[in-house]
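Colleague: I am new to this structure and would like to know what stands behind the terms used for it. Could you take my questions in turn?

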Amino acid sequence: MRESITTKGFSGPLKGETLVPPDKSVSHRSLIIGSLTKGNIKISNFLKSADCLATLEILKTLGCKIHFLDENTLELDARNTYIAPKKDLYCGNSGTTMRLLAGLLSAQNLKCTLSGDISLSKRPMKRIIEPLTRMGARIKSNDGKAPLVIEQAELNGIEYTSPIASAQVKSALLLAGAQISKSATTVLEPHLSRDHSERMLKFFGSNVQTYRKDGFFASTISHTPLIPKDLHVTGDISSAAFIMVAASIIKNSDVILRGVGLNPTRVGIIEVMQKMNAEIEILNKTLRCNEEIGDIRVKYSPDLKGVEISGEIIPRLIDEIPIIALLSTQAEGITTIKDAGDLKNKESDRIASVTRELRKFGANIEPTDDGFIIEGKNSQKGLFMGDTEVECYHDHRIAMMGYIAGLISEKPCKINDFEWVETSFPGFLKVFDTLTSK
């Protein structure tokens with residue numbers, strides 16, 4: 001069912017404190033890595049979103065016993081063994097589910113098929129099929145796309161140099177390698193991608209090692225029995241980014257986001273906003289379940305400046321680029337985003353979709369092969385005209401970007417298929433209603 005919403009036009013200031021949704025990446029991994037242990041695990045602050053529930057349902061189909069104790073706390077009873085499924089394992093719209101489970105299940109002695117919705121079935125899977133095949137996996141695909149048919153095979157550890165920094169590729173290989181007792185698996189990356197998998201594997205007792213090798217970022221793993229432990233999921237900085245940007249561009253705003261994950265491989269959004277002169281302060285930073293966590297305070301920032309965003313920081317903010325593009329339209333001068341060609345392989349082609357939708361608001365944005373050139377407000381007052389209709393292309397981040405653009409528009413705008421926001425940020429509208437009612 002298609003759900004459209006209409007923004008009311010220019011928003012008053014955002015004020016107060018709020019929690020952000022649990023981290024989607026960590027929630028996926030809590031189930032997948034947790035299922036490799038032998039015992040009972042309690043996972044608190046789990047993200048009950050469409051993507052994470054797809055992972056949960058697949059693991060239940062594979063024989064894991066999972067049940068919710070309350071709204072966001074679940075119990076996982078794992079035995080480190082999986083049963084052959086009698087139906088396709090449906091991943092919905094979740095690339096993380098498909099790619100990570102392909103790694104997990106390639107090392108299992110069972111046959112299964114990973115399928116997805118129309119959008120996911122268009123996304124590239126060769127990036128995991130090729131290295132897993134080199135490890136000995138037997139995977140059939142639709143010309144490098146889903147569905148993926150995984151057959152019984154005996155795997156061996158390899159050293160693989162990834163042409164791109166991709167947490168999903170790295171995680172798929174580490175999950176396969178974690179189950180191989182006779183040899184180690186090493187993944188080399190040109191830049192450091194998200195390291196949630198390595199951190200969680202270490203939390204559960206894995207001997208995974210991270211280091212530098214010949215200019216690459218290396219992760220090496222071999223089989224070690226994992227120890228079941230209770231796990232708390234941090235708040236999702238990718239979801240927090242939408243509130244952070246909104247607070248920085250809506251006059252007189254001042255918000256505090258509680259319990260946000262501050263993993264160094266994820267805080268590129270904070271580094272960029274600080275470089276653009278945004279008023280951001282980190283409070284109460286600590287370590288929990290091997291992940292940094294803390295509070296973020298953001299105030300209205302009238303003196304934002306355009307910057308260049310490229311190179312090693314891109315893997316650390318790839319999911320935040322749509323909202324960074326919107327932020328750049330409100331900065332003085334030009335912002336250039338480079339080295340982000342992988343945006344084309346997300347839930348939508350985000351280079352095309354971000355450009356198309358921000359132009360509807362009047363933004364001066366030019367797409368490039370690997371990013372954007374965005375001319376900011378300069379001497380203009382920074383408000384969009386609005387009175388437009390946003391398409392989200394089955395992409396939750398485009399829908400949320402459109403909503404924030406509507407908050408700085410003079411006239412209402414309509415956002416179609418807004419239900420896709422449930423993919424990562426259940427309760428999105430409620431959070432903004434709370435912050436604008438102060």
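Modeller: The answers below go through a sheet, a hairpin, a helix, some backbone angles, and then pockets and cavities; the model is a predicted one.

Colleague: What makes β20 and β21 a pair of strands?

Modeller: Two strands pair if there are at least two bridges between them. Strand β20 (residues 364-368) and strand β21 (residues 371-375) are joined by five bridges, so by that cut-off they pair. Their directions are antiparallel, and one of the bridges sets E366 against I373 in β21. With two residues between them, β20 and β21 form a hairpin.

Colleague: How do you know that β15 and β17 pair?

Modeller: The cut-off is at least two bridges, and six bridges join β15 (residues 254-261) to β17 (residues 291-299). Therefore they pair, and they run antiparallel. Within this pairing, I256 has R297 of β17 as its bridge partner.

Colleague: In what order do the strands of that sheet stand?

Modeller: The order is β2-β15-β17-β16, four strands in an open sheet with mixed pairing. From one strand to the next the twist averages 15°.

Colleague: Why are β2 and β16 called edge strands?

Modeller: β2 (15-19) and β16 (279-288) each have a single partner strand, so each has one side without a neighbour in the sheet.

Colleague: Which helix lies across this sheet?

Modeller: Helix α7 (residues 237-249) lies across β2, β15, β16 and β17. The angle between α7 and β15 is about 165°.

Colleague: Which residues of α8 are called buried, and what do they pack against?

Modeller: Buried stands for under 20% relative accessible area. In helix α8 (residues 268-275), the residues that count as buried are G268, I269, I270, V272 and M273. These buried residues pack against α7, β16, β17, β18 (308-309) and α9 (321-329). Just after α8 comes N277, with a positive phi of about 80°.

Colleague: Why is N45 called partly exposed?

Modeller: Buried would require under 20% and exposed over 50%. N45 has 23% relative accessibility, so it counts as partly exposed. N45 also has a positive phi, about 60°, although it is not a glycine. Its place is the loop between β3 (38-44) and α2 (50-61).

Colleague: What makes H394 partly exposed?

Modeller: The relative accessibility of H394 is 32%, so it too falls between the two cut-offs and counts as partly exposed. H394 is found in the loop between β23 (389-390) and α11. Its phi is positive, near 60°, in a residue other than glycine.

Colleague: Where is there a cis peptide bond?

Modeller: The cis bond joins A146 and P147, with omega about 5°. P147 belongs to the loop between β8 (138-140) and β9 (148-151).

Colleague: Which residues are closest to the centre of the largest pocket?

Modeller: They are A165, S166, I318, D342 and K346, out of 37 lining residues. The volume of this pocket is about 620 Å³. Helices α1 (24-34), α3 (95-106), α5 (167-177) and α11 (396-407) each give at least two residues to its lining. By class, that lining has eight nonpolar, 13 polar and 16 charged residues.

Colleague: What lines the second largest pocket?

Modeller: The second largest pocket has about 450 Å³. Its lining has 25 residues, and the closest to the centre are L19, V20, P21, P22 and P426. Elements giving two or more residues are β2, β15 and α12 (428-436). The lining divides into eleven nonpolar, nine polar and five charged residues.

Colleague: What makes a space a cavity, and how many are there?

Modeller: A space is called a cavity if a 1.4 Å probe fits but cannot get out. The search of the whole structure finds two of 30 Å³ or more. The largest cavity has about 40 Å³, and its lining is V26, H196, R199, M200, L231, H232, C289 and E291. Three of these residues come from α6, the largest share.

Colleague: Which residues line the second largest cavity?

Modeller: They are D23, H196, T234, I237, G261, L262, N263, R266 and E291. This cavity holds about 40 Å³, and its lining has two nonpolar, four polar and three charged residues.

Methods
Residues numbered from 1 in each chain as written. Predicted model: local features only at pLDDT ≥ 70, side-chain atom pairs only at ≥ 80, totals over all residues. Heavy atoms only, no water. Axes fitted to C-alpha atoms, helices over the stretch in contact; angles between N-to-C directions. Contact = heavy atoms within 4.5 Å. 1 Å grid on protein atoms, 1.4 Å probe; cavity = no way out; pocket = protein on both sides within 12 Å on 5 of 7 lines; lining within 4 Å. Points joined across faces, edges and corners; volume = space filled by probe spheres on them. Nonpolar A, V, L, I, M, F, W, Y, C, P; charged D, E, K, R; others polar. Buried < 20%, exposed > 50% of the residue type's maximum accessible area, 1.4 Å probe, protein only.
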